[in-house]
Amino acid sequence: MASKSKCHRVPLKRLTSVAALFCLFILPALAWAENKCSWMNEATASGILGGEATGMVTAGGAERATTCEFKQLGTGFMRTLSVTVEVTPDAHARLQTIARSCGGDAALMKAIGNEALFCPILDHKDGRGEFLVGRVRDQVFTIAIKTTHKNDPILTREMLVVRIYTSAEQVAGNLF
Amino acid sequence: MKNSIIFLIGGLFLAGSWIVPALAQQGGTQDATKPSPPPAYTPRPKGTPPVEDTPAQLEALAKWKAKEEQMLEADREAHNAVVTPSYNFHYGKLSPYTPGNVTVQGNGFLQPDAYPSAEYCGTCHQEPYSQWRQALHSNAFRTPFYRTSVNILIRDPTRGIAFARHCDSCHNPIGVLGGALTEDSKLDRSKFDSDGLTCMTCHSVVALDSTNGNASVKMGVPSVIVDEKGERIPGIVPFDMILKHPERHSQAVMHDFLHTPEFCAACHKANLPATLNDYKFIRAFTAYDEWQQSKFSQRNPLTFYTADFTTCQGCHMKRNPNTLPDYGAKNGTFASHRWLAGNTAVPFYYGFDDQLTKTIEFLRSGNYLNVDIFALKKNGDDELIAPLGEANYNLAPKDNVQVFVVVQNKNIGHSLIPEVRDLYESWLEFSVTDAAGKEIYHSGSLAPDGILDPRAHSFTNRPVTDTGEFVDNHKVWTIHSVAYDNTIQAGRSVLVRYQFQVPADAMGAFTVTAKVNYRHLRQSYLNNVLGKDHPAYPVVEIASRSRVLKLGDNKPEVGNSEDNPEWMRWNNLGIALLDQFQYQESVQAFSHVVKLRPEYADGYINVGLTDMMWEKFESARTSIHKALSLDPDSARALYYDGLLQRRAGNTERESADFSKVVKMFPQSRDARRELGIVYYRKHDYPAAIEQFEALQKIDPDDLAAHYNLSILYRRTGRPDEAAAQQGMFADKKTDPGAPTYSLNYLHAHPEITIESIPWHLHTDSELEGGQLQNGK
């Protein structure tokens, strides 16, 4: 951190070659490291999606949840696993609000965080998916697993339920 | 082709390994936990010799083994190539699992895929599989209660995930040994997090390293079968291979040590090492040593009572009739893999109703505790009205009544509460109600927010930091001292005294009730984990006793089966008073035992022991000699006689006493220690070393062994070993500054300070001099 501020204070032309190398190579590496998803690693997401996935983290803010998105590209199809986390004072109410997007299909998932509900999404010709919203204390999280493969042999309807549970257990466990 | 099919089947089993457990957790889908039906099998009649393989079959097996070994090694190399470069070797390349003590066979991290899944085992062993799925071992890692604690350690800026290997070595050994516990983990955690201690963690252990705890085992490369030479074959095998040679399967997975308490000690004994806390060794818990010192081990001659030998497994893995098909059943029974104990929180959270019900039944069964409303004192008189139920007494309005409640840890093979006393909560609830049901006095109630009355008598402890703050969130690495520890050790008793005043307008009778309650977990810890809006967690009444006290004359009751025999009631009072340093009263209580059972040698020993503590050695000698005249081979009496002979300067008699005790109880740590001291004082250093090394084998953390061996090794020209022992002594000895941290805490918490004083009274009444008890 101290080195980072030094890079900003010292005029560029006076930087030593070492400092320049630091700014050029180390800082981007640190930024990449900070881009890791706190609630699930790529290997776990890959296992859940059934193939090698790459992840991307979008930091949240006051009005926006932090998002981790993992994508696994197959031949002619894509599987995604998205996780969002936000901290909110009335987390239970927020969970209920989000769960409304399930319509009447929301079902209780036991032993995930303080509470969790899940429902199917995208169950049509463009693919299928499963969605979950849960809460750990004042943290509300969502998980969506989708596949654009309409006859996905790995993310079948049954397996989606299993895998969203597995994902939720990972995310909630890391939020505790 | 045949092999390809077998690999395909194996692959399907492995794929299933992370699918099925996940389904198991969904409410109402527990049927999904049931593995596929077992393959057909008819056990051969008992006594039939094992099937002999033909040369061709042996050759095929050898080929199979070679291929499996080759595959495992190739997978392991590939796994290490991925994991090792980014692994945080915080404690050096040679200590990848520190602060845990676990080690693993072979080179480098062991890939999680090397462990056959629980579902693979569950195909034939449906009974233990279904029990395990709801038990603590399968849920050792994933529960919110554990994750919250370990996440705090991981997120602590002065610690991090490398330090969590201390906890996960027992809670998630597959993750630790696989190299998952690093900042940039490359492992798919969904493969093992949900199964915690799966079948093939315990059943893959190949050696016990010591009884040091913190996962002090050597994990073998998982194997479910051995070949005809007894050599382990890694990986899964087709079921017909096991069914043809069940004896080879047993040889691979059922080591004899699995039946011993030493195996349990690997994780049910823990310390906080300097590598975790940057401070020093602090004992965390040691259910194993508590058992070893209890009557159930038959290794300690100094227990107050005796019992049949019973291991940890004897209580926590009782054999039960099978309810599901199981090829491992013996006479239709299987050792329980529920490991029933005290944890109601986990089954409550997951909705494992069977496990919850059986846990509550277990806590209430077994005659584990005895609650005795033993005696009264009135209006500040010294006269003890005891034992209640046998004594005559009179009660009147406005009487100031002191009630003596004796709680005996009668049949638990360890303390109440064992293990993490900062999280589990057991307490005595005491109430007095009048004939109309109106409450006159109540101690130990729960507030509407679920918090236990801080003035309750609890069997917990209060670990504190170096600034005297209570370690509320199980941040064990910050523990520097323990402000108080009110556990009841195995076989011992505590006396809890309550005082209340009979109302001036009282009429009729009063009911006095004392209950030992248990809650898993303490409310403020539950709040830390789940926030305050969680449902109330179960409070289990483990044992209770009520008595009716009448106004006016109270006559002896006709035989009451709820109470211990009268001599034992006095004995328990004596034990409790001894532990509370009330020596005079303790001697009086034990004297009642002697009067009631004049042939009972231990009655005299107890009087003698108390006199010794009271430094009345002449009187002690008389009692111990009386005991020896009744029972010349009493190891307990000989031990105390040895101490008295030492005091009198009779070295040979002292030596003879302790030698005899060691011969009768070779695993008595006390006798080994004292005999070592005898030899040390005789300058017989080799003999002294032998005793202290034997002591260290019993308890690797024994301070006397470290201290004396450091001197003895130096005097016998072994400076390196001497230095090592000296270092361990310095590390394990209590920090002399620790009491200050405790005092800081107690000073800031007057409401609880009284609990740190062994001899204290619970009352709402004003005492002499206008002072109030219990911080009120």
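This tour goes through a predicted model, beginning where chain A meets chain B and then turning to the cysteines.

Start by showing both chains together: 26 residues of chain A are in contact with 30 residues of chain B, and the two chains bury about 2300 Å² between them, 51% of it on carbon and sulfur atoms. Select Lys110(A), Glu169(A) and Phe176(A), which supply 24% of the area that chain A buries against chain B, more than any other three residues.

Stay with Glu169(A) and add Arg142(B), since these two form a salt bridge in which the closest N and O atoms are 2.9 Å apart; the count between the chains is three salt bridges. Now colour helix H5 (157–175) of chain A, from which eleven residues, the largest share, of the side of chain A that touches chain B come.

Next, select Cys37(A) and Cys68(A), which form a disulfide with sulfur atoms 2.2 Å apart. Cys37(A) lies in the loop between helix H2 (17–34) and H3 of chain A, whereas Cys68(A) lies in strand S2 (residues 66–74) of chain A.

Move on to chain B and select Cys170(B) and Cys267(B), which a disulfide joins. Cys170(B) counts as buried at 13% relative accessibility, while Cys267(B), with a relative accessible area of 25%, is partly exposed.

Finally, select Cys121(B) together with Cys199(B): why is the sulfur of Cys121(B) not bonded to this closest cysteine sulfur? The sulfur of Cys121(B) is 3.9 Å from that of Cys199(B), which is too far for a bond, because a disulfide is counted only for sulfur atoms within 2.5 Å.

Key. Residues numbered from 1 in each chain as written. Chains lettered and ligands numbered in written order. Predicted model: local features only at pLDDT ≥ 70, side-chain atom pairs only at ≥ 80, totals over all residues. Heavy atoms only, no water. Contact = heavy atoms within 4.5 Å. Buried area = accessible area lost by both parts, 1.4 Å probe. Salt bridge = Lys/Arg side-chain N within 4 Å of Asp/Glu carboxyl O. Helix = DSSP H or I, 4+ residues; strand = E, 2+ residues; numbered from the N terminus. Buried < 20%, exposed > 50% of the residue type's maximum accessible area, 1.4 Å probe, protein only.
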